[in-house]
Every structure is written in structure tokens, then in C-alpha cells.
Amino acid sequence: MSDWNERNHQALMNTYGRLPLVIERGEGAELIDEDGKRYLDFITGLAVNILGHSHPDIVQTLRDQGEKFLHISNLYVNKPAVELAERLIQETFPGRVFYTNSGAEATEAVVKLIHKWTKTQEQRDGIVVMKKSFHGRTLGALKLTRQPGVYQDFPVSDFPVYDVEPHDLEALETILREEKPAALLMEPVLGSGGVLPLEASYIEKAAALCETYGVLFCMDEIQTGIGRTGELFAYQHTAVQPDVVLFAKGIGGGLPLGGIIVKEAHKDLFKPGDHGTTFAPSPLSSALGNTVLKLLLDDGVLAAGKRASKILLDGLDDLKKEHADKIESIRGLGMMLGVVTKLEPKSVKLIQHKLLERGMLVDVTQQTIIRLLPPLIVSDEQIHYFLNLFNEVLQEVNE
Ligand SMILES: Cc1ncc(COP(=O)(O)O)c(C=O)c1O
């Protein structure tokens, strides 16, 4: 065992609750540590590695684009980024794309866009979010992130933010009518807020309310997007068409890339100079984005992931019946699933730890919810391997 954990501790600021794993490489749905031990990865870099690790087409794209250019700035036309924007628009709705490097930056971009839009409206200002939302950790995004563990006492920009309980339409309508906010921003499945899928009927009614009150309807698909829930974007499980969609995480095939897709009607809200960044869109990340979308949409990975998700969900439902004393419910969509436990946080940590020892990586959110974010390329055999291990570990943990 090397001293990488200690070196990490000595050299990096202490902001992450890290697992003591030193990763050497990844292969498909597995990560391999420095001692050659294999781990089945159901965290996928927090919902990034939708295609698993080292996918041959991703590696090939890295080589091909790497040999051309890595960075050129926004002073010139960046072909991979144009292609990617065209595809994103084609797969969503007519509009335009603005690129960022990360999810939080996509949120910052939407805050600025909403502010621009506010100026075109009379007496509308502010943004409505869901309680337990997560939209990022930069100062603007932080103001929209409603989690006690994340929301900290930093100075934040001065714009009104209102929060409502998910699924409480009455509360939403009251705020839209009385406070006159400019926009609603929602995650279709609240991710770190507890893997809570919003019901399609709620999303549709919320969108209709936005229409009635003249409020921008913005979907944070940073975690749910790029095939994670079984459609390219989770809003596509419903009948709504948002004004703005935020994306990041999976799009860059493992490299940083994010952005917003803005409906045609709002495409001119940003004028030259209103927003920008040096790095985004990275030509390399964009080229990877094109490969990611090709694999998902043209080569059947999205459909395969949907099928795999059903097997996983059926298996989890069986485990829920068998461990009704420990599992409250299974929820989520596609490859974004939460096992809501009835256990104490320390028992849930123990489950995570025992799974890790046996070569299985799962995440925990809201202390008692086991979050599963498998890659879409996971095999049936790997799913059954996980289900067996999980069953074994659930049997061992007694409060
Ligand atoms: C729904 C959602 N929005 C925004 C973010 C922030 O993205 P990033 O970590 O890339 O800044 C995340 C990250 O987990 C997220 O899940």
C-alpha cells in the first residue's frame, strides 16, 4: 500500500469526505485501484461517466481531437462545439446553446439570463427553487441550493429566491402570483436532495403555471441529463418544453463541459459581451460530447441503459420485499436510483463500507439514502453481482 492517501491529505485542502481509494485506472463499469483490486462503479464520478470508463470510442476521440487542437478560445469557430450545439438543439427544441465548464457555471449563466429577462418584464424578479434543491456551489448557484449542509454563510448576490416543497402546487402558485418571481428552476429528479423524482403531472402543472404567470421555466438537468434517467433529458418523460435546460456532468465523456440550451424566443437575451469564459467550450470536451451523443442515440446505449435499469429496479424491488425492515422505498428514474432506508446514518455508512470492502462502490446522500448511479453500459451479470452483494450486506447489518 502506497502513501498516496497521506500525500493527498498533506497537499490538498480538506473539503471532501473521500473514500480511501487510490485509483489506478478504469475499465467499463469497473475501477481498479493501485493494488489491482477491482470495484464495480455505481457512483460513476457522481453521475459523469455515463459510458463507464475508458470506452474505446471516447479514447479514440481523445486521440483524434488531441492531434488537432485542444484549445483555441472563443475568438474562432470551434467545429466540435458547433456540431454538439446543433445536435443538442435537434434533440431538444429550437434555440441556442451557451457553453460553460461546469454545472455551477451553467447555473450562474442561467441566473444572468434570468436577470436579463427580468429587465424585459414589468415587476418580476427572483427565482423559485425546490426545498432540498442542489444547483451548485459558486456564490450565485449557492443561493439557489437549499440544503443545510451546503448552504453556508457566504456573501451572496442580491436577488430574491423563494423555495417551495416539491409537489406542493398550491404553494408554488401562491408564490408565482404574490411574489412575482421571474423564473422557476427545478431538478426533475432532486439528486443530492435524496434522489426524489418529481411526478410528471407535477412538472406539467408547474410548467402550465409558469405559462399562466409569465415565468421562465428552467430545468436543471445537470445530473439527470445525457441519458441518466432513460431519456436524453428527464423532462422528455413529460409533455413539457422548458424555456431553458441546464446540462453538464455526462456530456463531456469525463471532461468538464456544461451549458444551457435556451429556447428560440430567448436567444437574444445575451448580447455580445454579456457573458463568457476563456475555456468553454473546450474543443476536446465538445468532441467527446459528440461521441457521447452518438453512442447514446445512434448506437443504442440509451436503450441498453433503459433495459439494464429495469433489471436493476426489479432486483431492488425484490430486495425491498425481503428487507422490508430496512428498506423503506426504492425511487428514481433510469440509472439514477435511491434506496431509501429505515436505518440510522451509521448503519448506512456501514453498508457502504462493507460494499466497498467487497469491491462495490455506491454513494450515500441525505445520510440514509443509498444513491446508485451506474453507467449505462453495465452488464446484466454486473447488476446481479451487485444485487447479491447488497442482499448479503443487508443481512449482516442489524441495528
Ligand atoms: C442538479 C445539479 N446542479 C448543479 C450541480 C453543480 O455541478 P458542478 O458540480 O459541475 O458545479 C450539480 C452537481 O452535483 C447537480 O447535481
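The legends below describe close-up views of a predicted model. Local features need pLDDT of at least 70 and side-chain atom pairs count only at pLDDT 80 or more, while totals for chains, interfaces and linings use all residues. Residues are numbered from 1 along each chain as its sequence is written.

**View 1. Surroundings of the ligand.** Of the 14 residues around the ligand (C-beta atom, placed from the backbone, within 6 Å of it), Gly-103, Ala-104, Gly-136, Ile-222 and Gln-223 come nearest. Helix H5 (residues 103–118) supplies the largest share of this shell, three residues, where helices are DSSP runs of H or I with at least four residues and strands are runs of E with at least two, numbered from the N terminus.

**View 2. Leu-246 in the nonpolar core.** Leu-246 is among the residues with the most contacts inside the largest nonpolar core, which has 104 residues; such a core is a set of buried Ala, Val, Leu, Ile, Met, Phe, Trp, Tyr and Cys residues joined through C-beta atoms within 7 Å. Leaving aside residues up to four places away in sequence, Leu-246 touches several others, including Val-110, Cys-218 and Ile-260, contact being C-beta atoms, placed from the backbone, within 7 Å.

**View 3. The two sides of helix H7.** In helix H7 (residues 169–178), Leu-172, Ile-175 and Leu-176 are buried (20 or more other C-beta atoms within 10 Å of the residue's own, against 12 or fewer for exposed, with C-beta atoms placed from the backbone). Seen down the axis of H7, the buried residues fall within an arc of 100 degrees (taken from the directions from the helix axis to the C-beta atoms), so they line one face of the helix. The face turned away from that buried side carries the exposed residues Glu-170, Arg-177 and Glu-178.

Note on methods: Contact = placed C-beta atoms within 7 Å.
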